[in-house]
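Take a look at the fold below. This report walks through its strands, sheets and helices, one group at a time.

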Amino acid sequence: MSKKVVYRFDEGRGDMKRLLGGKGANLAEMTRHGLPVPPGFTITTEACLDYYAAGRRLTQEVLDQMEQAVADLEQRTGKGLGDPERPLLVSVRSGAVISMPGMMDTVLNLGLNDETVEGLARMTGNPRFAYDSYRRFIQMFGDVVLGIDHYLFERIIDERKEERGLKQDPELAAEDWQWVIERYKALVKRETKESFPQDPKEQLRQAVIAVFDSWNNQRAVIYRKIHKIPDHLGTAVNVQMMVFGNMGEDSGTGVAFTRNPSTGEKVLYGEFLTNAQGEDVVAGLRTPEPISALKRRMPGIYEQFREITDRLERHYRDMQDIEFTVERGTLYILQTRSGKRTAHAAVKIAVDLTKEGIIDRETALLRVDPDQLNQLLHRRIDPEAQLDVLTKGLPASPGAASGKVVFDADTAEQLARDGEKVILVRPETTPEDIHGILASQGILTSRGGMTSHAAVVARGMGKPCICGCEELRIDLRKKEFRVGETVVREGDLLSIDGGTGQVIRGEVPLIDPELSGEFQEILAWADEIRTLKVRANADNPEDAAKARRFGAEGIGLCRTEHMFMEASRVPIVQEMILAETPEQRQEALDKLLPMQLEDFKGIFREMAGLPVTIRLLDPPLHEFLPNLEDLLAEVTRLRLDPESDPQELKSKETLLGKVKALHEFNPMMGHRGCRLGLSHPEIYAMQAEAIFRAAAELIKEGVSVQPEVMIPLVGHVNELKELRRLVEETARRVMEETGCQISYTVGTMIEVPRAALTADAIAEEAEFFSFGTNDLTQMTFAFSRDDAEGKFLHSYLDRKLLPDNPFMTLDTEGVGKLVRMGVELGRRVKPELKAGICGEHGGDARSIAFCHEVGLDYVSCSPFRIPPARLAAAQIAVQSSRKAQQG
């Protein structure tokens, strides 16, 4: 028995998203609930996968079921595909399992040909509408199916408008569109060497193939990569009876959100165009009116639409993005889906839906993407700044950015790769521009509205965007735009404020954001649910204070080498490294001691009452000295210069000798970490003394301190045993001298594979483990991070040799296995052993899920990643609890 690969809308259900795609499942669900949905059918994602498996060929099974579905649709509508008297026209749209707005292809008005267009004109009594629809079909089919550049069609329309002295497309009459159609068909013949297909069944077959092919077009592949959508899902195809918003002033089309997708405010938000088709709104070809225009023009339709939007939001229990058309006074709902939204809106909507009783707190937590929270933590324009405002457009996606003006996506990508910040300026963006949008700091368009392609994609990426900035006169050929008499050229600095719509000349000062009450509320809910604690990586009092404001529950990694690298301290550190005798080295260390002491006091004070893990010096000493090649060149120059200072030359030669002596072939695995501490115990002794003296001084002030001393790069228990003894002796001496009792712990960073493999032995000498997953990843993969990311890692990801960049998302199968083993072996010896991670993975949601699963006590990350980490930790707690309840 053949499998079913085509479903009528009334045969599907909302829970069949995997098979019908999101759009098809929602069309089926709305049909089942009696909403005014034009009838149609869905060709399943399985048919798409079969198409690829058959070598990009529609199977006979799919063709047969499509033919039967078309016959059913003809019977239900009383129209016929290709019938010159009562022509049935359909739209052919993609419908992925996970929404990918604008990334795949669509064909509208399919079924028109030289005969049916005349039938449509007679049937509607509107020849202008009929011929306009036909030219749209040829243009879209030519672009999507036949691969003819869109601008070649637009050029023909522009030629006709110029010839007639007209400015807008709606001013063209039926005979104008007939003129355009003939030239369109000639263009198709010239470009493809074939006539435009007149058989509607052949049109449908080719359109379905084009939509299936678009699953793997460049923009869809890039979008999936950005949003971590699997490549194996495929897309469904939805074939739906066309309804027309371009049949006169009692018709129109629009897109609306049940809540404001930028702010989350509970108001109907969207845009509407009279006498237009849907593509005019989304493509930004005409600047639309706000949805309130529908209320003014068609009050009855508006009330019906508002009632439907309320029903849809309550049914799907989320903010909806709805496409609709009004045809001669009748409302049709074409699509609904959960709407893309900014991070600010996501948080507000989740909290508001909870308070309205539509969802519970756990569901609210799952509705906010932790990565989205980063958008709320970025900067905005300083309100005190003097701004040279050029013009204003529609504030389509909040946030602010500055950068060099570029006018095409390829240039944006190239400059961004070279480290430049750019603002992409376009008349409007298309899905082909996605790589440029990704590379840019922000987007500015002269056309389009709040639901145009640029707006939707920018909001999803958390980038500022301004649309519909009609004062911009963009000249792509000259690579410049004008606002009045002002000219801005490619490479000039520009700033945009996506929250106000202001376009500002030059670079502007940015300041830290203010977080909303809903933001704090949802994080408070997260804190009630999560079991993982969240600490910060912070190396100075300022970062510690920031981390505490963001909700850090301590410091999981304080890198003391960052304190040594301050410009004023480098000469003293170099003095210590270049010392010829122990006495000279101690003299330099005595200068560093009070500096380190003040550092630790500041951090302890900011983290009063919370644990602070301080890693003793980790990098090799040569990192504090001049670069070997640069120094060699300088010495050579001095030797060749007869007027050089002999003393300077001697000093540089001495320094060069020391740098050569410290030079290592593989410094990542060289003389660093605990190896350095064992070779030069006086360095670690100084640091330990600074820690304990700082703690003693604050304890006497009544400040609660919890120092945790971490020994880095341990591979053998004997390394930890000896350095632990040094730390304990220093602590004992300081406590005797100060008369102050200090409670502290000593642990190690597990970043060497051998440490994870022998964690049971190492746990005998450690009160805590902190997994340094950055170095552990490097050593497990044998990847040098800088070399890997610069040379071959991107190729690995593109070719799917690795699922993720292992330095951004923890490799749970390899590195994760070592983490799991380290935790299990360590706690077998010490059940109370505290364990966490302090690499960059501590701020990555999927890595945090793994940390929860293996039973870590905490994750540690940079201050700005703390709120997302708190949310991610709560989400995995909710998901684990629900999974346990289910089975």
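How many of the seven residues of strand S5 (residues 235-241) are buried? In this predicted model, seven of the seven are, and the strand is mostly covered. The cover lies over both faces of S5. On one side sit Thr-235, Val-237, Val-239 and Met-241, all buried. On the other side sit Ala-236, Asn-238 and Gln-240, also buried.

S5 also has partner strands. Strand S2 (residues 40-43) pairs with S5 in the antiparallel sense, over four bridges. One match to look for is Ile-43, whose bridge partner in S5 is Val-237. Strand S3 (residues 90-96) pairs with S5 as well, antiparallel and over seven bridges. Here Arg-93 stands opposite Asn-238 in S5.

**The whole chain**

Now step back. The protein chain has 36 helices and 31 strands. Its C-alpha atoms fill a box of roughly 105 × 75 × 50 Å, taken along the principal axes. Of its 887 residues, 56% are buried. Consider the contacts between residues at least 6 apart in sequence: 70% of them join residues at least 24 apart.

**A sheet of five strands**

Five strands form an open sheet, in the order S8-S7-S6-S9-S10, with antiparallel pairing. Which strands stand at its edges? They are strand S8 (289-290) and strand S10 (330-338). Each has a single partner strand, so one side of each is left without a neighbour in the sheet. Strand S7 (residues 269-274) is joined to S8 by two bridges, and the two run antiparallel. Within this part of the sheet, Phe-272 stands opposite Glu-289 in S8.

A helix belongs to this picture too. Helix H12 (residues 299-316) lies across strand S6 (252-257), strand S9 (320-327) and S10. H12 runs at about 25° to S10.

**A sheet of eight strands**

Another open sheet has eight strands, in the order S12-S22-S21-S14-S15-S16-S17-S13. Its pairing is mixed. The edge strands are strand S12 (388-392) and strand S13 (394-397), and each pairs on one side only. Neighbouring strands in this sheet are turned by 35° against each other on average, direction ignored.

Look inside this sheet at strand S14 (residues 400-406) and strand S15 (residues 422-426). They pair in the parallel sense over three bridges. Lys-404 stands opposite Val-422 in S15. Helix H16 (residues 409-417) lies across S14 and S15, and runs at about 180° to S15.

The table collects the strand pairs described so far.

| Strand pair | Sense | Bridges |
|---|---|---|
| S2 and S5 | antiparallel | four bridges |
| S3 and S5 | antiparallel | seven bridges |
| S7 and S8 | antiparallel | two bridges |
| S14 and S15 | parallel | three bridges |

**Two helices that pack**

Finish with helix H24 (residues 628-640) and helix H25 (residues 646-662). They pack at an angle of about 150°, with their axes 10 Å apart. That angle makes H24 roughly antiparallel to H25. H24 passes H25 in a left-handed crossing.

Which residues meet there? From H24 they include Leu-628, Leu-631, Leu-632 and Val-635. From H25 they include Leu-649, Leu-655, Leu-656 and Val-659. Charged names appear as well, among them Glu-634 and Arg-639 in H24 and Lys-652 and Glu-653 in H25. By class, the contact of H24 with H25 has nine nonpolar, no polar and six charged residues.

Methods. Residues numbered from 1 in each chain as written. Predicted model: local features only at pLDDT ≥ 70, side-chain atom pairs only at ≥ 80, totals over all residues. Heavy atoms only, no water. Axes fitted to C-alpha atoms, helices over the stretch in contact; angles between N-to-C directions. Parallel < 35°, antiparallel > 145°, perpendicular 65-115°, else oblique. Left-handed = near helix turned anticlockwise from the far one by under 90°. Contact = heavy atoms within 4.5 Å. Pairing = 2+ DSSP bridges. Buried < 20%, exposed > 50% of the residue type's maximum accessible area, 1.4 Å probe, protein only.
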